[in-house]
Amino acid sequence: MDINEAISGRRSARDYTAQAVDDETIRRLIDAAVHAPNASNGQPWTFTVVRDQSLLDRISQAAKSHLLATLPAGPQSARYRTQLSDATFQIFYHAPALILISGIAQGPWVVEDCALAAENLMLAAYGVGLGTCWIGFAQGFLNTSEGKNALGLPATSVPVAPIIVGYPKTETAPVPRQEPEIRWVG
């Protein structure tokens, strides 16, 4: 697959089949992730793979509660409050796998390094017919001691990119993009 096709074709999938993603495929996605650029080649990441749906359900509930308790006021928050208050809403969309990319410890560029790894992982997943979505709703909770304990992460871990992975039920339509603002200097 052409890289430009992958970049323009990849979408956030939020509806998955129950089909499991096999270990070999997950390892290939993580291999793509570790080839991401990173500051001083520090490779400050670790990957936590979760397939246990009951654990994902528990984390979803805890993350929703955490978000509801910490969301600031505002029009966007009101929309999120409605969604997060829905008992049937599962933040991981019942995807068969979650791959959490975490920094091993705090560092000046650990978030950027893990985000670059996440983009590689998501593009590689698209290339083999898988859907992905970065679940921002999980980030705050996973960065708490309770969230880290739920996944057996060390206290020094910095959860950055909770990426769900699975076989999408449907193709996600493209979202229109605005013309970028470009400022030329020099």
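Which helix is the place of Glu-24? I started my notebook with that one, and the place turned out to be helix H2. A reminder to myself before going on: this is a predicted model.

**Entry 1: Glu-24**

With Glu-24 assigned to H2, I looked up its accessibility. Its relative accessible area is 55%, and since exposed means over 50%, Glu-24 is exposed. I also checked how far it lies from Ile-91, which is 67 residues away along the chain. Their C-alpha atoms are separated by 26 Å.

**Entry 2: H2 against H5**

Staying with H2, I turned to its packing on helix H5, residues 110–127. The two pack at an angle of about 135 degrees, and their axes are 7 Å apart. That angle makes H2 oblique to H5. I noted the crossing as right-handed.

Which residues of H2 meet H5? I found Leu-29, Ile-30, Ala-32 and Ala-33 on the H2 side. Facing them in H5 are Ala-117, Asn-120, Leu-121, Ala-124 and Ala-125. I sorted the residues of this contact by type and got eight nonpolar, one polar and no charged.

**Entry 3: the loop from H2 to S1**

Next I walked along the loop between H2 and strand S1. Ser-40 lies in this loop, and I was pleased to spot that it has a positive phi of about 50 degrees although it is not a glycine. At 76% relative accessibility, Ser-40 counts as exposed.

Asn-41 lies in the loop between H2 and S1 too. Its phi is positive, about 50 degrees, and Asn-41 is not a glycine either. I have it down as exposed, with a relative accessible area of 53%.

Is Pro-44, in the loop between H2 and S1, buried or exposed? At 17% relative accessibility it counts as buried, because the cut-off for buried is under 20%. I listed what Pro-44 touches, leaving out residues up to four places away in sequence: Asn-38, Ser-102, Gly-103, Ile-104, Val-110, Asp-113 and Cys-114. For a distance, I took Ile-3, which is 41 residues from Pro-44 along the chain; the two C-alpha atoms are separated by 25 Å.

**Entry 4: strands S1 and S2**

I then picked one residue in each of two strands. Thr-48 is found in S1. Its relative accessibility is 14%, so Thr-48 counts as buried. Not counting residues up to four places away in sequence, Thr-48 touches Leu-98, Ile-99, Leu-100, Leu-151 and Leu-153.

Ile-99 was my next stop, and it lies in strand S2. At 0% relative accessibility, Ile-99 counts as buried. Leaving aside neighbours within four places in sequence, I found Ile-99 in contact with Ile-26, Phe-47, Thr-48, Val-49, Leu-121, Ala-161, Pro-162, Ile-163 and Val-165. The C-alpha atoms of Ile-99 and Cys-133 are separated by 10 Å, with their positions 34 residues apart along the chain.

**Entry 5: the nonpolar cores**

How many residues does the largest nonpolar core have? I noted 26. Those with the most contacts inside it are Ile-91, Phe-92, Ile-135, Leu-151 and Ile-164. At least two residues each are supplied by H3, strand S2 and helix H6, the last spanning 136–142. H3 gives the largest share of this core, six residues.

I looked more closely at Ile-135. Its contacts, not counting residues up to four places away in sequence, are Ile-91, Phe-92, Tyr-93, Pro-162 and Ile-164. Apart from this core lies another, of 24 residues, and among them are Ala-33, Ala-36, Ile-101 and Cys-114.

**Entry 6: H3 against H4**

My last look-up was the packing of helix H3, residues 53–70, with helix H4, residues 75–85. Their angle is about 150 degrees and their axes are 10 Å apart. H3 and H4 are therefore roughly antiparallel to each other, as angles over 145 degrees count that way. The crossing of H3 and H4 is left-handed.

From H3, the contact is made by Lys-64, Leu-67 and Leu-68; from H4, by Arg-81, Leu-84 and Ser-85. I sorted these residues as three nonpolar, one polar and two charged.

Terms used. Residues numbered from 1 in each chain as written. Predicted model: local features only at pLDDT ≥ 70, side-chain atom pairs only at ≥ 80, totals over all residues. Heavy atoms only, no water. Axes fitted to C-alpha atoms, helices over the stretch in contact; angles between N-to-C directions. Helix = DSSP H or I, 4+ residues; strand = E, 2+ residues; numbered from the N terminus. Parallel < 35°, antiparallel > 145°, perpendicular 65-115°, else oblique. Left-handed = near helix turned anticlockwise from the far one by under 90°. Contact = heavy atoms within 4.5 Å. Nonpolar A, V, L, I, M, F, W, Y, C, P; charged D, E, K, R; others polar. Core = buried A, V, L, I, M, F, W, Y, C linked by side-chain atoms within 4.5 Å. Buried < 20%, exposed > 50% of the residue type's maximum accessible area, 1.4 Å probe, protein only.
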